[in-house]
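Here is a friendly walk through a few side chains and aromatic rings. Have the sequence and the model open as you read.

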Amino acid sequence: MASTETKAPSTAAEAGDSSGDIAGLEAGLDALESRVVDRQPWLRTATSKALPPLIAIAIVLALWQLAYHFELKPHYLLPSPVEVGHSLQQKWLEGTLLSFVWTSVSRGALGFLASVAIGTVLGLIVARVRAVRAAIGPILSGLQSLPSVAWVPAAIIWFGLSDATIYTVVLLGAVPSIANGLVAGVDQISPLYLRAGRTIGATGFAGVRHVLLPASLPGYIAGLKQGWAFSWRSLMAAELIVNAPDLGTGLGQLLEQGRELQDMSWVLSAILLILIVGIGIELLIFAPVERRVLRSRGLLVKS
């Protein structure tokens, strides 16, 4: 009887080890089905990434030209791509095109950097302090879904037609997205990392710097990307409405000037520039940073 009693626990332990081995085997098989993306030659990478967007642009331009040719709208309401290109060329030859772009980009960059500073601190507090999360977590989510243009009338009343109005709208549009992205990243951190950090004495600011922020980096970068998108959209909404001679002319103000003059070539040129800048910042800054972070963590894989 005694030998039977001693054998049962041994059998259970063996069963546990067997199930653990099976789980490890399944994980290994899953890993075999994917491989980490290696660095490719820059020419092949540029071709593979540039060719599909170029084809899509060509299709859009062809459809646009067909719509112009068959006069789906009168020509003064729907100019051809060539006419829009001439409008851009005219602004370039006048020497004003780069100044319009720089005014908006500098505003967007400054507002985004301020949003990052505020949103990062706010996100860490919300993520780590339960009472604060319960109090303002839903408010942050609500602010993220609120259209940025809704803040413009209030900001004009508070600050008048000034740069402060524009930056206020940008901050209120971008900060909730950055904070929520960081909160989501912190929530995805394995508790094992947090316990390991506390064990080696990484608490307080050291824990934030060496454990929380590095471990939450994928979610944080996603929040930064979304924050830039909201920042750029908020800036355009503010520039459309806040228009004063001493503020300078950004792309949003350029768009509004085209509307006032009923010049659709001007309007479509401004829309095209806004689109190019937004996509360019995404492709040149955020996409490489995101790929580098994911690759360093073994998360950039091909099935």
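Phe159 has a relative accessibility of 42%, so this residue counts as partly exposed. In this predicted model, the structure contains four aromatic pairs. Phe159 belongs to one of them, together with Trp158, in an edge-to-face arrangement. Is Trp158 buried or exposed? With 54% relative accessibility, Trp158 counts as exposed, because the cut-off for that class is over 50%.

Now turn to another pair, made by Trp228 and Trp232, whose rings are stacked. The two tryptophans sit four residues apart in helix α10, which spans residues 217–241, so about one helical turn separates them. Both Trp228 and Trp232 are buried. A pair of aromatic rings is described by the distance of the centres and the angle of the planes, and the table sets out these values for the two pairs.

| Pair | Arrangement | Centre to centre | Angle between planes |
|---|---|---|---|
| Trp158 and Phe159 | edge-to-face | 6.4 Å | 80° |
| Trp228 and Trp232 | stacked | 5.6 Å | 25° |

Which residues join Trp228 and Trp232 in a cluster linked by ring pairs? They are Phe112 and Phe286.

Rings also meet charged side chains here. The charged end of Arg233 is placed over the ring of Phe230, at 4.9 Å from the ring's centre. Elsewhere, Lys91 lies over the face of Trp266, and the distance to the ring centre is 3.9 Å.

Trp232 leads on to helix α4, since Trp232 is among the residues that Ser104 touches. Ser104 is part of helix α4 and counts as buried, because its relative accessibility is 0%. What does the side chain of Ser104 reach? One polar contact joins it to the side chain of Glu239, at 3.0 Å. In addition, a polar atom of the Ser104 side chain lies 2.7 Å from the backbone nitrogen of Leu251. Setting aside residues up to four places away in sequence, Ser104 touches Trp232, Leu235, Met236, Glu239, Gly250, Leu251 and Gly252.

Thr103 is also found in helix α4, which covers residues 97–128. Its relative accessible area is 18%, so Thr103 is buried, the limit being under 20%. The side chain of Thr103 reaches back to the backbone oxygen of Ser99, at 2.8 Å. Beyond its neighbours within four places in sequence, Thr103 is in contact with Thr249 and Gly250. Gly250 is likewise listed among the residues touched by Ser104.

Key
Residues numbered from 1 in each chain as written. Predicted model: local features only at pLDDT ≥ 70, side-chain atom pairs only at ≥ 80, totals over all residues. Heavy atoms only, no water. Buried < 20%, exposed > 50% of the residue type's maximum accessible area, 1.4 Å probe, protein only. Polar contact = N/O pair within 3.5 Å; in protein donor to acceptor, adjacent residues only side chain to side chain. Contact = heavy atoms within 4.5 Å. Phe/Tyr/Trp six-rings, centres within 6.5 Å; stacked < 30°, edge-to-face > 60°. Lys NZ or Arg CZ within 6 Å of the ring centre and 35° of its normal.
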